[in-house]
Each structure stands twice: as structure tokens, then as C-alpha cells.
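This report describes selected features of one structure, taking a helix, a pocket and the aromatic pairs in turn.

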Amino acid sequence: MQSLKHHFLLAMPHLDDPNFKGTLTYLCDHDDNGSMGVIVNRPMELTLDALLEQLELDASECLQRDLPVHYGGPVHKDRGFILHRGSNLPWDSSLQVADDLALTTSMDMLKAIAEGRGPEDFIVCLGCTAWQAGQLEDELKQNTWLTVEGDASILFDVHAEQRLNAAAGILGVDLNLMTREAGHS
């Protein structure tokens, strides 16, 4: 099995599950035990400022208070997941996903962001996505997802609402022209 870690999952247009319809998911882990990622194109009404306030963190030094918090997925919806640029950073609980991308789940990063000393580029998500061993592979065989290697510029330089189409553009496809049926020879 080839790992899909640091890949995007593009929901095919016929995917009707409300948790995933129209989503772009960034996979942070994928191995024989399963897969885990965060949806990166579903901003919520909740802003970073409001989240930090709920956590009773002083955000007066936060440079990006107006950023939306994203719906990261239907699993662990009460937990925060921060996808960010950087490697070898001193956060308590981080998973290095790619050379310059990591996923952190610890409060120390939120405190640093509130104090204006966190990473420059980040996406805060509530919840994540997860698949049991073999589940994602089965969904790929059913033509539920397209995959393409992850791209930090799509994550951090493209508006959330445009990320799915930007990722599809890497493949040179228009998702609106895609069909449920896969061709096999």
C-alpha cells in the first residue's frame, strides 16, 4: 500500500454524506492501521478570537484573530487540530506530516497563537476525519475520492472556498464534469 500521508482527498461530486460533500481533506496520517486528516475548506461561523475567548486565553496580541475556525471532520468534534507550517517546533503534541507541515493538538500552540508567537501560517480545525484500516482504500475503489499530493500553498494561500477547485486544478480536472462511474480495462 502506498501511503497517502500529505495528500488531499477531493470529494467526488456524487458523495452525498453531509460530513464530506464538497470537501477537501488533507491527510495527516495513512498507514496499515488507518487514516486521519482534517477538512480544510469548511470555515465555521466561529472565529479564532471567539475560540480563544471561550478557552479564556488573552488574544490581545493575536495577529490573526479574525481567521475562521474550520470544521475539521465528524470525529472528535470537541478537540482542536492545528495544521501549520514548520518543523522541529517545540509544541507538546505534534505530528510531522511533511517537511514543512505539521499537525498539533496541544494547548501550548493555541496559547502561543494568542500571544502572537505561534506559526505564521496555520488552520485551526474542530474535529478531524478518520478511517479504519482498509476503509479509505475501499472508498477509493468505489470512486468516492480523488487524491493528489498535498500543497502548502493551497492550504495557506488560497481562500477556503476555493481550495477544492485549486486542488482539482493540480490534476487538470473540473469536478463538475466528473461522473460516479470509473473506467476499468
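## Helix 2 and its surroundings

In this predicted model, the buried residues of helix 2 are D108, M109, L110, A112, I113 and A114. Because six of the eight residues in helix 2 (residues 107-114) are buried, this helix is largely enclosed by the rest of the structure.

The packing partners of these buried residues are helix 1 (48-54), strand 6 (75-85), strand 8 (101-104) and strand 9. Just after helix 2, the backbone at G116 adopts a positive phi of about 75°.

## The largest pocket

The largest pocket has a volume of about 250 Å³, and its lining comprises 16 residues, of which L67, F122, L155, F156 and R163 lie nearest the centre of the pocket. At least two lining residues come from each of strand 5 (68-71), strand 9 (122-132) and helix 4 (152-157); strand 9 is also one of the elements against which the buried residues of helix 2 pack. By character, the lining of the largest pocket divides into nine nonpolar, three polar and four charged residues.

## Aromatic pairs

Four aromatic pairs are found in the structure. One of them, formed by F8 and Y26, is edge-to-face, with 5.9 Å centre to centre and 65° between the planes. This pair links distant parts of the chain, since F8 lies in strand 1 (residues 7-11) and Y26 in strand 2 (residues 24-31), 18 residues apart. Both F8 and Y26 are buried.

Ring pairs also link F20, W131 and W145 into a cluster.

Methods. Residues numbered from 1 in each chain as written. Predicted model: local features only at pLDDT ≥ 70, side-chain atom pairs only at ≥ 80, totals over all residues. Heavy atoms only, no water. 1 Å grid on protein atoms, 1.4 Å probe; cavity = no way out; pocket = protein on both sides within 12 Å on 5 of 7 lines; lining within 4 Å. Points joined across faces, edges and corners; volume = space filled by probe spheres on them. Helix = DSSP H or I, 4+ residues; strand = E, 2+ residues; numbered from the N terminus. Nonpolar A, V, L, I, M, F, W, Y, C, P; charged D, E, K, R; others polar. Buried < 20%, exposed > 50% of the residue type's maximum accessible area, 1.4 Å probe, protein only. Contact = heavy atoms within 4.5 Å. Phe/Tyr/Trp six-rings, centres within 6.5 Å; stacked < 30°, edge-to-face > 60°.
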